[in-house]
Amino acid sequence: MLAVIAAAMLTRRTRKRSWPIKMLLVTGAGLWMALAGGSMWMMSNALAERLPDIQQPTRHPCTGKKPKTFNVSLINLPLFVNRFGDVVPEGRMYVLDENIAAVRAAYTRAADPREGGLRDLIEPLVLRANQGDCIKVFFTNRLNEPAPPLNERIRNSAIYTLPGERLLPPGTPTPRPREFAPALSVPEIDFDPRKAPNASMHFDGLDYDVRRADGTVVGNNPDSTARPGETIRYKLHAHIQGEFQFKDGADFTSQQTRPIDRDGNVRFIGSHAFGAFGAFIIEEPGATWVDSRTGEPLESGTQAVIIRPNGKDFREHVMFMHDEVEAEPGILTRFCREDGGGPQAGDTSCVRPNREQLRLLTRGTIRALGGGDADALVQGEVPVKLEYFAFNYRSEPGFNRDEVGCPAARRQAQGFDAERCIGEETSLSSWAYGDPGGGDLVIGNYRGEPTQVRLMHPAEVETHTFHWHVNRWMFDPEDEGGIDEISEPANVTRKTNLLDVQAVSPGSHYPLIIQGGAGSANAGKPASFGDIIFHCHLYPHFANGMWGLNRTLETLSDGTRRQPDGTRLLPLFPLPDHDYQPGVPGRQPPPSPTPERPGFPNFIPGVFGFKAPKPPLGLASRAEDGVFPPTPLERAAADPGGQQPGAFFQDPCPIGRPTKVFKVAAIQIKQTYNPDLKWTIPQSRVYVLERDKQAVLNGKKPEPFAPILNVGDCVIYKLTNELPRMFGGNVFDRSQETNEVGIHQHMVHFDVLSSDGAANGWNYDQGAGPGETITYRDFVQENTKTNSFHDHFFPNTHQKNGLFGGATIHPAGCVPDVPGARTRGVVGTQFDVHCEPVIDHNNQLTDGVDYRNFSLFIEDHVPLFQPNDPRTRADDKFDTPDGVPIFPAKFPSSNDDQGGMGGQLPAGAVRGPQEQGPVAAVQLEGARGSVHAGAEGVPG
């Protein structure tokens, strides 16, 4: 019809034209209209096919299928988060009904280190199903049932000592190392089960009828929550693979929302901060799962081995990052601070400080700020604020470990020399304090095996940054072929971003598949082994308990071996289809330990209760001709090709690769951040090349330490500690010893026992003491654009004061326009790069395009001071010997927000320390080449 009308109109308008032209126009119009009409008809048909047929309802995929059934309850349970008796009195926990009695009977032993490595039911509930499964959950709200009791006696019974430690009577001062005492403050359960609220399970991401299974009271939907004592049913469909949280959708209150009860009192006993969360993990069709430790069938659990019919088996770790943990201390007395918030006088969970204790709690604070909010004293004199952050109901804050301390080691007694424990530099060491979380914050792997972490954030406030040393993963694993391809040692990223830090916001979840398997093997090089730490890279969260260890073993562990502190070395069931000894015919399990090769950590010549020894060949004292040369057990544990300084157990560098050597000094200077406003850091600490050190000490403005590297480089850092031993003494940082320094690197391959730049778990102490030089060695496997690094011994102190750096990584065949670049290791933040196309280490052809490089370092918590302005009367209230602090801390060395923000710019406008966190880099293509913009960040 439209074509006829169009033809008639065209005929009238073209009466004076010749008939051939008329016919051509009319024919063209007709064809156009026919095409348009046909297109509309096909589109309407396609849309109709997508719309559900009202006359024929879609059959639900679960109709007629037998469901997988789970019986789950939410119960009240005090949650002990570590061996020092720190406890969430009003804890809540989802649990399978069949395990309720066992959980209630074992709650005080949740963090008992004697049971470390055994299956622990007191953890977030993790259930598994296969894609396509139909699921029924029968949920019972048992919040009306009383929690097991909690009082001083029970709290004290949940404080566990390790060999050589002494537990003294409550409140006893304990200045001597390896002594501690229960707190005078006593936790109480404030929740009244007679006033229990409704509760539910709200499921993220799974398919369900929102009217009946949402676990909320929303809009006009029926109430799908359970009254106290009631059991309700939720029907779900596992339509997709992945990790899916559930939580209490009936109660979203928190300390942040400050809800008011009927009597006008603030009520913040909610659900999420107290533990009411868990997850469904939906595996591929046909997959089965067993206990990661024993190989036995697994009904629920955070650690499993996934056995796949059509792909590689893998080890699965489920991790929940848990903030706003409402815990009470076990060995540190919480003081009532009416001037700084927190528990009020009259509450048994705190005690009133006497005059001397109050003086210590407020020492170094500015009176105009109200005296700070510290509420405990470590070693009876160091003020701290008690806060807790957790993984999987366990938290290992540094303040407990600092309270315990450790004495100096002497060669005549312990076989090696080591200083006493100062504080932060050994707070992650198992040699001094045992494993975190009573052993429950240790997850196990064998080196090189396919591994996936299911990372989730079910809590309510903070965005965290999950960092895993050594290991790297793909932002989008599906882009790289999934676990079968990513876990291959020769894997190279081709589409997505390679990461070793993941930002995690409340409600988010990520599948992290480790490149090259556990310990990150690369082509021709086996994976690293040892204790590989994971933690939130926001340092205050890290310091307050949000960390754990990935114990990556090179020999078989059946649960019969013991660790240096006498606790059980966790048993690990090997993956059924993985070949752990590729050089031996057939599919082989991990090699069995022998007296000559006892396996990690038993070849390390340390002594429990003291700092760890230094790594072999890493320092002069451990050289072949040093006072403490490598031992026969250490030599036998090294891989073939190892026994290099900085890479004793596993050399990441392939033979024949170019090597760049950087001689680095860590020094202290006074540094100006803004010359116009005269903003300064009085005790800035920086990395510099040895050849540039004197010029910087003489007043030359340093740039952030930024080595220039290429894909395929072997890199050696020789770091000398030239820092003063004492640091601080101002409103930002208390006066303290800082007796070690190191370089911890991101995104490159290294031996975790030699070049991690830290003292984590049962690993060596890989730091340089005053005047010492330590060697680190790494390999740049692929182009991650940037490679940030920083000190890991005093991170809360050093990084905000400037001790950080970051390399830029460039394609093979590219040379920076920097003097000496072709003959030695060079540094720089702004330079041109000239490239030639070559075949790189990964057998990839580079594009050979020239570009310009800019490096930008972003930072926060910068402890800045400015001159007292005589025109500003308020400055007099805040004046200090260093000047007027800019946004000062509530008390020295507080973890609260403080200081300024800035960026280390190549042009030099604002300079300062780097905030630790995710690393990013972009490449911008331009008309005359390109710009390589490397952004470095590390959250502080």
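Is C406 buried or exposed at 3% relative accessibility? In this predicted model, C406 counts as buried, because its relative accessibility of 3% falls under the 20% that marks the limit for buried residues. The cysteine is one half of a disulfide with C421, in which the two sulfur atoms lie 1.8 Å apart. The torsion about the S-S bond of C406 and C421 is about 85 degrees, so this disulfide is right-handed. The pair links distant parts of the chain, 15 residues apart, with C406 in the loop between helix 7 (398-404) and helix 8 (411-414), and C421 in the loop between helix 8 and helix 9 (430-433). The partner C421 is likewise described as buried, with a relative accessible area of 7%.

The search for such links gives a count of 5 disulfides. When the bonded cysteines are counted along the protein chain, the disulfides follow the pattern 1-2, 3-4, 5-6, 7-8, 9-10. One of the disulfides joins C653 to C714, with an S to S distance of 2.1 Å, and with 80 degrees about the S-S bond this link is right-handed. Here the two cysteines are 61 residues apart and belong to distant parts of the chain: C653 is placed in the loop between helix 12 (632-637) and strand 28 (659-674), whereas C714 is found in strand 31 (residues 714-721). C653 is buried, with a relative accessible area of 4%, and C714 counts as buried at 1% relative accessibility.

A further disulfide connects C814 and C835, again with an S to S distance of 2.1 Å, and its 110 degrees about the S-S bond make the link right-handed. Distant parts of the chain are linked by this pair, since C814 lies in strand 38 (residues 814-816) and C835 in strand 39 (residues 830-835), 21 residues apart. Both C814 and C835 are buried. Another cysteine, C536, counts as buried at 0% relative accessibility.

Charged side chains form a second set of contacts. Side chains of opposite charge can pair when their charged atoms come close. A search of the whole structure finds 52 salt bridges, among them one between the side chains of R401 and E396, with a distance of 3.0 Å from N to O. R401 is buried, with a relative accessible area of 0%, and E396 counts as buried at 1% relative accessibility. Salt bridges that share partners also join R128, E243, E283, E316 and R454 into one network.

Other salt bridges involve residues with some exposure. R212 forms a salt bridge with D209, in which the closest N and O atoms are 2.4 Å apart; R212 is exposed, with a relative accessible area of 54%, while D209 is partly exposed, with a relative accessible area of 27%. The side chains of E145 and R142 also meet in a salt bridge, at 3.1 Å from N to O, and E145 counts as partly exposed at 24% relative accessibility.

A polar contact is found at R777, a residue of strand 35 (residues 773-779). The side chain of R777 makes this polar contact with the side chain of D651, at 2.9 Å. R777 is itself buried, with a relative accessible area of 13%, a value under the 20% limit for buried residues.

Among the strands, an open sheet of 4 strands has the order 5-12-11-9 and mixed pairing. Its edge strands are strand 5 (125-130) and strand 9 (202-203), each of which pairs on one side only. Strand 9 pairs with strand 11 (residues 242-247) in the antiparallel sense over 2 bridges, and H202 stands opposite K247 in strand 11.

On the surface, L856, I858 and M901 form a nonpolar patch, which together has about 270 Å² of accessible area. Of these residues, I858 lies in strand 40 (residues 851-862). I858 counts as partly exposed because its relative accessibility of 38% is between the limits of 20% for buried and 50% for exposed residues.

How values were computed: Residues numbered from 1 in each chain as written. Predicted model: local features only at pLDDT ≥ 70, side-chain atom pairs only at ≥ 80, totals over all residues. Heavy atoms only, no water. Buried < 20%, exposed > 50% of the residue type's maximum accessible area, 1.4 Å probe, protein only. Polar contact = N/O pair within 3.5 Å; in protein donor to acceptor, adjacent residues only side chain to side chain. Disulfide = S-S within 2.5 Å. Pairing = 2+ DSSP bridges. Patch = residues over 30% accessible without salt bridge, like charges linked within 9 Å, V, L, I, M, F, W, Y side chains within 5 Å. Areas by Shrake-Rupley, 256 points an atom, 1.4 Å probe, with all protein chains shown as cover. Salt bridge = Lys/Arg side-chain N within 4 Å of Asp/Glu carboxyl O.
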